[in-house]
Amino acid sequence: MSTKQLFDLTGKVALITGGSRGLGLQMAEALGEMGARVAITARKTDELKDSRGAPQGQGHRGDERHQRLVEVRPDPGMVDAVLAKFGTIDILVNNAGATGARRPRTIPTRPGTR
Amino acid sequence: MNLNINAMFYLSREVGKRCFIPQKSGKIINIASVAGLSGSPQGMYTIAYNTSKGAAVNFTRTLASEWGRYNINVNAICPGFFPSKMSRGLLDQIGDHIVAVTPLARLGGNEDLMGTVVFLASEASRHITGQTIAVDGGACIA
């Protein structure tokens, strides 16, 4: 296998959480450009729609689906949707994340859902 | 914590169980953070975030050691400071300081994760698992 082939992602399926903006969108576009079929998830459907208008590589963005990842129950529906569209998943990018500044003494004993 | 580490576990398990283990191949790339490699700079109060990202780093190592037998690579990327909606408030406050203490004297840009994610997603990294790559302009080693 040539070095170029080692980096080629043609035919691979990638699922990226939080892929509608920021670092997730950057990574989605990179994997798409290298040939992967890319599914992204986001908590906000309007941002999924916006990301469709973003510049894309030679690959194409695939199934985009509203998904509240903050609900941590394992949700087979999200994976079902990707499998229905692409048949399998080869690459999983666990990107979705959140931050918040709070001093330790002000954090409640039962923190919120983030 | 729920999103940054619990969701990472649940989704990795789901995709591993349904796709990667049956097909005996797969690539998992966890986006942690340089905040998962140390405490926080003065003026930054993100103990929950740092805790969750530290968990993501060791989750990566442990899952890599357990799922290596299925030919599944599990690696982590630790981005430094990239301007984004999530980091905006913090960068407004301490962005200048971050650049000043970063060896490459810059924040992350909108192409700076591309090479790393393609590398870890591809066959080029087939013999690498359980590793953490900081993409931070050198900030975490300075």
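Helices and strands here are DSSP runs, a helix being H or I over at least four residues and a strand E over at least two, numbered from the N terminus. With that in place, chain A of this predicted model reads α-β-α-β-α-β-α-β along the sequence. That pattern comprises 4 helices and 4 strands.

Let me stay with chain A for a moment. It has 114 residues, of which 46% count as buried. If we take the contacts in chain A between residues at least 6 apart in sequence, 61% of them join residues at least 24 apart.

I turn now to the interface. How many residues of chain B are in contact with chain A? The number is 45, and they meet 45 residues of chain A. Together the two chains bury about 3,900 Å², with 67% of that area on carbon and sulfur atoms. Within the share that chain B buries against chain A, Leu3(B), Leu11(B) and Tyr45(B) supply 18%, more than any other three residues.

The polar side of this interface comes next. Between chain B and chain A there are 17 residue pairs in polar contact, counting pairs with both residues at pLDDT 80 or more. Which elements of chain B supply the side that touches chain A? Helix 1 (2–23), strand 1 (26–31), helix 2 (47–67) and helix 4 (114–121) each supply at least two residues. Helix 1 of chain B gives the most, with 16 residues. Sorted by class, the side of chain B that touches chain A has 25 nonpolar, 11 polar and 9 charged residues.

Strand 1 of chain B deserves a separate remark. This strand runs parallel to strand 4 of chain A, residues 91–94, and 4 bridges join the two. In that pairing, Leu92(A) stands opposite Ile28(B). The β pairing therefore crosses the chain boundary, two strands being counted as paired if DSSP finds at least two bridges between them.

Finally, the salt bridges. Side chains of opposite charge can pair when their charged atoms come close. Over all chains, the structure holds 4 salt bridges, and the count between chain B and chain A is 1. Which residues form the salt bridge that crosses between the chains? Arg18(B), in helix 1 of chain B, pairs with Asp80(A), in helix 4 (residues 76–86) of chain A. The closest N and O atoms of this pair are 2.4 Å apart.

Are these two partners buried or exposed? Both fall in between: Arg18(B) is partly exposed at a relative accessible area of 32%, and Asp80(A) is partly exposed at 36%.

Within chain B, Asp112(B) and Arg106(B) form a salt bridge, with an N to O distance of 2.9 Å. Asp112(B) is partly exposed at 26% relative accessibility, and Arg106(B) is partly exposed at 42%. Glu123(B) and Arg126(B) also meet in a salt bridge, with N to O at 2.9 Å. Here Glu123(B) has a relative accessible area of 33% and is partly exposed, while Arg126(B), at 46%, is likewise partly exposed. Shared partners also link salt bridges into one network, made up of Asp80(A), Glu14(B) and Arg18(B).

To close, I return to helix 1 of chain B. This helix gives the most residues to the side that touches chain A, and Arg18(B) within it makes the salt bridge to Asp80(A).

Terms used
Residues numbered from 1 in each chain as written. Chains lettered and ligands numbered in written order. Predicted model: local features only at pLDDT ≥ 70, side-chain atom pairs only at ≥ 80, totals over all residues. Heavy atoms only, no water. Contact = heavy atoms within 4.5 Å. Buried area = accessible area lost by both parts, 1.4 Å probe. Salt bridge = Lys/Arg side-chain N within 4 Å of Asp/Glu carboxyl O. Polar contact = N/O pair within 3.5 Å; in protein donor to acceptor, adjacent residues only side chain to side chain. Nonpolar A, V, L, I, M, F, W, Y, C, P; charged D, E, K, R; others polar. Buried < 20%, exposed > 50% of the residue type's maximum accessible area, 1.4 Å probe, protein only.
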